[in-house]
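Trainee: Please pick one part of this model and take me through it closely. Then show me what lies beyond it.

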Protein chains: 2
Amino acid sequence: MPAQNALYAQSGGVTATINASACGLIEAARRNRSRIGRVYAARNGILGALHEDLIDTTAESAAAIRALMHTPGGIFGSCRYDLPPLPQGRAHFERLAAVFRAHDIGYFFYNGGNGSAETAQQIATILPRLGQPVVSIAVPKTIDNDIVGSDNSPGFGSVAKYAATSLREAAADLASMANSSTKVFVMEVMGRYTGWIAAACGMALPAGEDGPLLLLVPEVYFERRCFLAAVRARVERHGWCAVAVAEGIRLADGRRLTQAGGDGIPGHEQLGGVAPLIAAMVRGSLGVKVHWGVLDYVQRAARHLASRTDLEQAYAVGRAAFEYALQGRSGVMPVIRRGSDRPYRWHVEPAPLAGIMNREKRLPRRFLNREGFRLTAAARAYFAPLIRGEAWPPFADGLPVHARLKLKPLARRLQPAWQAPPQSKNRR
Amino acid sequence: MPAQNALYAQSGGVTATINASACGLIEAARRNRSRIGRVYAARNGILGALHEDLIDTTAESAAAIRALMHTPGGIFGSCRYDLPPLPQGRAHFERLAAVFRAHDIGYFFYNGGNGSAETAQQIATILPRLGQPVVSIAVPKTIDNDIVGSDNSPGFGSVAKYAATSLREAAADLASMANSSTKVFVMEVMGRYTGWIAAACGMALPAGEDGPLLLLVPEVYFERRCFLAAVRARVERHGWCAVAVAEGIRLADGRRLTQAGGDGIPGHEQLGGVAPLIAAMVRGSLGVKVHWGVLDYVQRAARHLASRTDLEQAYAVGRAAFEYALQGRSGVMPVIRRGSDRPYRWHVEPAPLAGIMNREKRLPRRFLNREGFRLTAAARAYFAPLIRGEAWPPFADGLPVHARLKLKPLARRLQPAWQAPPQSKNRR
């Protein structure tokens with residue numbers, strides 16, 4: 001019996017290093033051609049699997065696959081799409097079984113976060129019941145660092161390094177302007193539900209320094225009076241203050257600051273962006289000049305400043321996923337376990353998806369001081385190894401070089417084309 | 001007669017490489033100790049000179065001065081402050097003459113943009129008439145690239161490289177999300193009056209590629225209908241569209257889009273930020289998911305991704321300024337002249353401040369295609385060498401290392417302290 005093929009797909013918001021996981025997986029597959037056949041990739045995540053929109057990665061050169069190590073975004077396309085649960089999702093799973101059967105796919109790898117882990121688990125448990133046995137494995141990836149059971153999530157270390165670097169640099173700028181111009185800079189980072197990235201910005205300040213840097217995270221309710229007093233105190237003492245704020249910070253009543261319209265600024269809700277709200281608040285209260293920035297996609301795509309630790313871990317989980325497949329371990333995710341902080345030791349091990357999916361690891365309260373605005377030593381010990389090491393991409397003509405893949409489509413074998421049944425509704 | 005001392009100061013919005021000019025100047029001075037005495041630095045620009053708040057740079061080690069090459073921001077502090085013209089500014093100039101006399105300062109270097117060139121020129125022309133001869137030289141610096149008579153401005157190449165890199169990376173992210181999620185990303189860059197940085201973002205797209213990338217600059221009036229049609233066409237053809245927008249884009253009536261409140265979104269004016277306005281416009285018109293980012297200080301402080309060309313030029317103008325001082329050339333600025341595009345050849349030469357100060361070099365219309373949204377070959381030939389080459393700073397523990405200077409204050413010699421006369425008013 002010839003070896004069955006594998007299908008790899010990317011899901012959810014992408015990262016600067018998700019393609020390194022693809023690289024780790026595909027390179028491992030190329031070293032084990034006798035055991036697992038071809039590695040296909042689904043275009044745009046699980047949607048490509050449903051639509052039988054598949055790519056044959058064997059058409060790519062070794063150099064092109066290697067170039068994934070320095071290419072941000074999701075090279076095969078990602079999606080925001082959840083499979084409906086049974087029974088209403090039955091047509092979806094039957095379709096997936098048909099596609100897998102048509103292309104002799106016996107291994108499925110879904111590279112995503114908490115939500116994608118559920119998709120991988122659904123495929124692991126439901127497809128065999130539909131007569132299509134498959135080894136289904138989730139490969140972790142999220143800048144949000146909120147995957148339960150993993151010490152950290154691939155993708156996070158790089159955005160943490162980039163955001164902390166950006167804040168350190170912007171603070172140097174601000175410090176030079178503060179005497180006669182801007183005194184406060186507010187930098188908004190991603191984090192709808194968790195403050196991991198905003199907290200990592202605290203690393204911008206060297207350990208032991210009492211610098212004017214405040215962190216705002218969703219895990220600590222935003223109290224306007226308290227925050228403004230803290231800014232005022234920093235400006236009075238240091239002449240300036242830098243603020244890192246997670247997009248999803250909340251008021252005590254649970255509403256997001258952006259939903260609440262912040263300072264009662266009309267019409268702002270539709271614009272999004274908490275940094276301009278915080279900036280307007282500080283300007284109004286302290287009467288000083290304030291600048292603000294919103295990093296948005298730029299932060300999570302910033303492969304030019306990836307963390308070497310993160311890149312190695314992203315590669316390792318891709319490779320480990322393939323090894324688990326060889327071992328027939330379905331319904332698991334390779335997670336990262338930390339052995340020690342100093343020296344930093346870590347390893348990858350399989351964890352059951354049932355304990356991971358749709359859960360969320362929040363920033364521990366002990367990572368922030370009592371006031372809630374600064375990192376503790378425990379937080380520093382946690383973040384330090386994750387942002388360590390540089391992994392500069394190649395540059396040509398002054399700009400980073402990204403992989404150019406052929407993305408050769410696989411001939412379709414099924415008729416008719418997939419049409420989602422009308423009752424199915426995407427939850428995201 | 002012992003050699004007279006020199007005073008160096010930084011002015012206006014700082015850059016990722018302004019400290020490289022300080023390094024070039026101070027290192028040149030250290031090689032010529034017999035001809036010019038000590039290099040002092042004024043804290044916070046010309047304000048430090050007025051307040052006799054001076055720093056003795058001779059207290060810094062050679063390594064600390066060298067570390068300025070990789071330190072963003074203005075290490076001695078900058079200011080936004082214009083000297084009042086005569087006759088009302090007479091007290092200011094008399095004060096400066098007294099400070100220069102007290103510290104035997106015969107050379108003045110002002111590192112800034114168009115406005116700072118006027119300050120340097122005022123000092124060059126007025127102080128000698130007050131009995132305090134001084135050789136006054138402006139050192140160019142501005143991310144805005146708007147200094148007349150210089151092919152480009154030190155500071156610009158680095159922000160151009162960073163912004164174009166960020167857009168290329170964010171576009172890779174966007175392209176992977178577009179199928180089922182975000183289809184448009186709007187990235188706001190600096191540029192109140194000129195679109196140099198926004199235009200440089202066009203380099204994110206490789207030459208000859210017809211990719212979905214639109215540029216919005218203040219030199220081309222913003223026409224909502226035309227812009228939205230262009231976005232729609234790109235999204236229909238490519239599935240997504242990235243937009244780089246300068247903060248200062250204007251409507252045909254001359255108002256800034258942010259002043260006009262953009263789409264009639266109430267209360268937005270006070271928040272600043274044109275990207276959220278553009279994003280709301282696209283969302284409202286096309287009905288697609290839109291992300292937006294505002295780089296603000298992060299872009300101009302991003303020393304971690306400086307252009308090597310820019311760094312070399314920033315150093316060169318600092319060194320040249322010192323050489324002009326040795327030659328007694330007052331009232332000039334070392335400007336950059338381009339010999340050829342390919343191979344890129346450039347040199348530094350002195351240009352009279354009278355022809356530079358308070359003027360502004362705008363983006364030539366021929367740099368954008370007829371539609372106004374894309375770069376021409378002429379623009380690419382201009383930008384290409386300016387963003388070329390990397391100059392990674394040293395990193396420690398995952399973050400860039402910045403210079404730590406002693407900033408040893410010079411003992412004050414004058415009584416009483418400076419108090420600006422009540423009639424003087426800062427114009428900025």
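**A covered helix and its surroundings**

Mentor: Start with H5(B), which is mostly covered: 12 of its 16 residues are buried. Buried means that 20 or more other C-beta atoms lie within 10 Å of a residue's own; 12 or fewer make it exposed, in between it is partly exposed, and the C-beta atoms are placed from the backbone. Helices (H or I, at least four residues) and strands (E, at least two) are DSSP runs, numbered from the N terminus.

A word on the source. This is a predicted model, in which local features need pLDDT of at least 70 and side-chain atom pairs count only at pLDDT 80 or more, while totals for chains, interfaces and linings use all residues. Residues are numbered from 1 along each chain as its sequence is written, and chains are lettered from A and ligands numbered from 1 in the order in which they are written.

Back to the helix. H5(B) covers residues 114-129. Its end C-alpha atoms are 24 Å apart, which agrees with the 22 Å that 16 residues should span at 1.5 Å a residue. That expected span is 1.5 Å times one less than the number of residues.

Which residues of H5(B) are buried? Among them are B:Asn114, B:Ser116, B:Glu118, B:Gln121 and B:Gln122. B:Ala117, B:Ala120, B:Ile123, B:Ala124, B:Ile126 and B:Leu127 are on the list too.

What do the buried residues pack against? Helices H2 (46-50) and H4 (90-102) of chain B take part. So do strands E4 (105-112), E5 (135-140) and E10 of chain B. Contact here means that the C-beta atoms of two residues, placed from the backbone, lie within 7 Å. After H5(B) comes B:Gly131, with a positive phi near 85°.

Strand E10 leads on to another feature. B:Pro343 sits in the loop between E10 (332-340) and strand E11 (345-352) of chain B. The peptide bond from B:Arg342 to B:Pro343 is cis, with omega about -5°.

Chain A offers a second helix, H11(A), residues 308-326. Its 19 residues reach 27 Å from first C-alpha to last, close to the expected 27 Å. H11(A) is largely enclosed by the rest of the structure, because 14 of its 19 residues are buried. A:Gly328 follows H11(A), and its phi is positive, near 75°.

Now a strand. E1(A), residues 5-10, has 6 of its 6 residues buried. Both faces are covered: A:Asn5, A:Leu7 and A:Ala9 lie on one side, and A:Ala6, A:Tyr8 and A:Gln10 on the other. E1(A) pairs in the parallel sense with E4(A), residues 105-112, over 6 bridges. Strands count as paired if DSSP finds at least two bridges between them. A:Ala6 stands opposite A:Tyr107 in E4(A). E1(A) also runs parallel to E2(A), over 3 bridges. There A:Tyr8 has A:Ala41 as its bridge partner.

Just past E2 (39-42), A:Asn44 lies in the loop before helix H2 (46-50) of chain A. Its phi is positive, near 60°, and it is not a glycine. A:Asn44 is buried, with 26 other C-beta atoms within 10 Å. A:Leu407 also has a positive phi, about 50°. A:Leu407 counts as partly exposed, with 15 C-beta neighbours inside 10 Å.

Next, the core. The largest nonpolar core has 308 residues. Such a core is a set of buried Ala, Val, Leu, Ile, Met, Phe, Trp, Tyr and Cys residues joined through C-beta atoms within 7 Å. A:Ala199, A:Cys201, B:Ala199 and B:Cys201 have the most contacts inside it. Beyond its neighbours within four places in sequence, A:Cys201 touches residues including A:Ala163, A:Leu167, A:Val189 and A:Ala244.

Last, the two chains together. Their contact takes 68 residues from chain B and 68 residues from chain A. H6(B) gives the largest share of chain B's side, 13 residues. That side divides into 33 nonpolar, 24 polar and 11 charged residues. Here Ala, Val, Leu, Ile, Met, Phe, Trp, Tyr, Cys and Pro count as nonpolar, Asp, Glu, Lys and Arg as charged, and the others, Gly among them, as polar. The copies meet through the same surface, because 100% of the interface residues of chain B are also interface residues in chain A.

A turn of 180° with a shift of 0.0 Å along the axis lays chain B on chain A, with an RMSD of 0.0 Å. That is the relation of a two-fold axis. The superposition is by least squares on the C-alpha atoms of residues with pLDDT of at least 70 in both copies. B:Val294 comes closest to the axis among the residues of chain B, at 2.4 Å (C-alpha).
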